[in-house]
Amino acid sequence: MMLKPSWTTLRLAALLTLLANALLPSTAQPSKVTVGVSWGHLEGEWKIHEDALRARLSSLGAQYTRTDAKGSSARQLEDVDALAAKGVDVLIVVPANPEALRPGLARAQAAGIPVVAYDRPVPDPAAFYVGFDELEAGRMQARAVYAVRPHGRYALLLGPGAERVRQGL
């Protein structure tokens, strides 16, 4: 079965188009634009996101380079610094641990590299954020369950990123 890119992936592609036009110097040629992506853990559905992102960047004539921290916050911080040192024009991060990236994102922005946080916000007000409100999505799900069964026993299943869910309880 072939999976299709999610709406978040499509929004990211649209944002990249805007970034390429609005944030990069007007003298930059599309073929010379390099987008670096630091994946916190590139597996499962993220590979579908990557395929859609790579295809969209290619259609814009942009170069794509990426790193995969495999869930390691320390490695991802090194990856962010390495992508900035490579001279990427735009840096996208899908953080394994948003807080751990703070110093690397500050260094990238000090070097004039726009930063986009994808799916998980980062603690940097200058970074763009593309994603959705997980807390509100959870509230919507809870209201829907409650409408069907207002009383009873419920199980709360937590997965990756559960710390944001716990904040909303």
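Is Lys70 buried or exposed? I began with this residue, working throughout on a predicted model.

**Entry 1: Lys70**

I find Lys70 exposed, with a relative accessible area of 53%. I located Lys70 in the loop between strand E2 (63-68) and helix H3 (73-86). I then looked up its backbone: Lys70 has a positive phi of about 55 degrees, although it is not a glycine. I note for context that most residues other than glycine have a negative phi.

**Entry 2: the chain as a whole**

I next took an overview. I count six helices and five strands in the protein. Read from the N terminus, the elements follow the order α-β-α-β-α-β-α-β-β-α-α. The protein has 169 residues, and 34% of them count as buried. I also looked at contacts between residues at least 6 apart in sequence, and 65% of these join residues at least 24 apart.

**Entry 3: strand E4 and its partners**

Which residues of strand E4 point which way? In E4 (residues 115-118), I see Val115 and Ala117 pointing one way and Val116 and Tyr118 the other way. All four are buried. In a regular strand the side chains alternate between the two faces of the sheet.

I then traced the pairing on either side. Strand E3 (residues 90-94) pairs with E4 in the parallel sense, over three bridges. Within this pairing, I find Ala117 of E4 as the bridge partner of Val93. From E3 the chain passes through helix H4 (residues 102-110) to reach E4, and I record this β-α-β crossover as right-handed. E4 also pairs with strand E5 (residues 128-130), again in the parallel sense and over three bridges. Here I see Val116 standing opposite Phe128 in E5.

**Entry 4: Trp39**

I moved to Trp39, which belongs to strand E1 (residues 34-39). How accessible is Trp39? Its relative accessibility is 1%; the cut-off for buried is under 20%, so Trp39 counts as buried.

I listed its contacts, leaving aside residues up to four places away in sequence. The list includes Trp46, His49, Glu50 and Leu53, as well as Tyr64, Val94 and Tyr118. The side chains of Trp39 and Tyr64 are joined by a polar contact of 3.1 Å. For Trp39 and Tyr118 I noted a C-alpha to C-alpha distance of 9.4 Å, with their positions 79 residues apart in sequence.

**Entry 5: aromatic pairs**

How many aromatic pairs does a search of the whole structure find? I obtain two. One of them joins Trp46 and Tyr118: the ring centres are 5.9 Å apart and the planes stand at 75 degrees, so I class the pair as edge-to-face. Trp46 lies in helix H2 (residues 45-59) and Tyr118 in strand E4, so this pair ties together parts that are 72 residues apart in sequence. I find both Trp46 and Tyr118 buried. Together with Trp39, these two residues form one aromatic cluster.

**Entry 6: nonpolar cores**

I then asked which residues have the most contacts inside the largest nonpolar core. This core has 16 residues, and the residues in question are Val35, Val37, Trp39, Leu53, Ile92 and Tyr118. Each of E1, H2, E3 and E4 supplies at least two residues of the core. Apart from it I find another core, of 14 residues, with Leu101, Leu105, Ile113 and Val122 among them. In soluble globular proteins, nonpolar side chains tend to be buried together.

**Entry 7: the loop between E4 and E5**

I closed with two residues of this loop. Asp119 is found in the loop between E4 and E5. Like Lys70, Asp119 is not a glycine, yet I read a positive phi of about 80 degrees for Asp119 and of about 55 degrees for Lys70. Asp119 counts as buried at 14% relative accessibility, whereas Lys70 is exposed.

Pro123 lies in the loop between E4 and E5 as well. At 25% relative accessibility, I enter Pro123 as partly exposed. What does Pro123 touch, not counting residues up to four places away in sequence? I find Pro98, Glu99 and Arg102. Pro123 and Pro98 are 25 residues apart in sequence, and their C-alpha atoms are 6.7 Å apart in space.

Key:
Residues are numbered from 1 along each chain as its sequence is written. This is a predicted model: local features need pLDDT of at least 70, side-chain atom pairs count only at pLDDT 80 or more; totals for chains, interfaces and linings use all residues. Side-chain values use heavy atoms; hydrogens and water are left out. Buried means under 20% relative accessible area, exposed over 50%, partly exposed in between (1.4 Å probe, protein chains only). Contact means heavy atoms within 4.5 Å. A polar contact is a pair of N or O atoms within 3.5 Å; within protein, one must be able to donate a hydrogen and the other to accept it, and residues adjacent in sequence count only if both atoms are side-chain atoms. Two strands pair if DSSP finds at least two bridges between them. A crossover is right-handed if, with the strands pointing away from the viewer, the path from the first strand over the helix to the second runs clockwise. Rings of Phe, Tyr and Trp (its six-membered ring) pair if their centres lie within 6.5 Å; planes under 30 degrees apart count as stacked, over 60 as edge-to-face and the rest as tilted. A nonpolar core is a set of buried Ala, Val, Leu, Ile, Met, Phe, Trp, Tyr and Cys residues joined through side-chain atoms within 4.5 Å.
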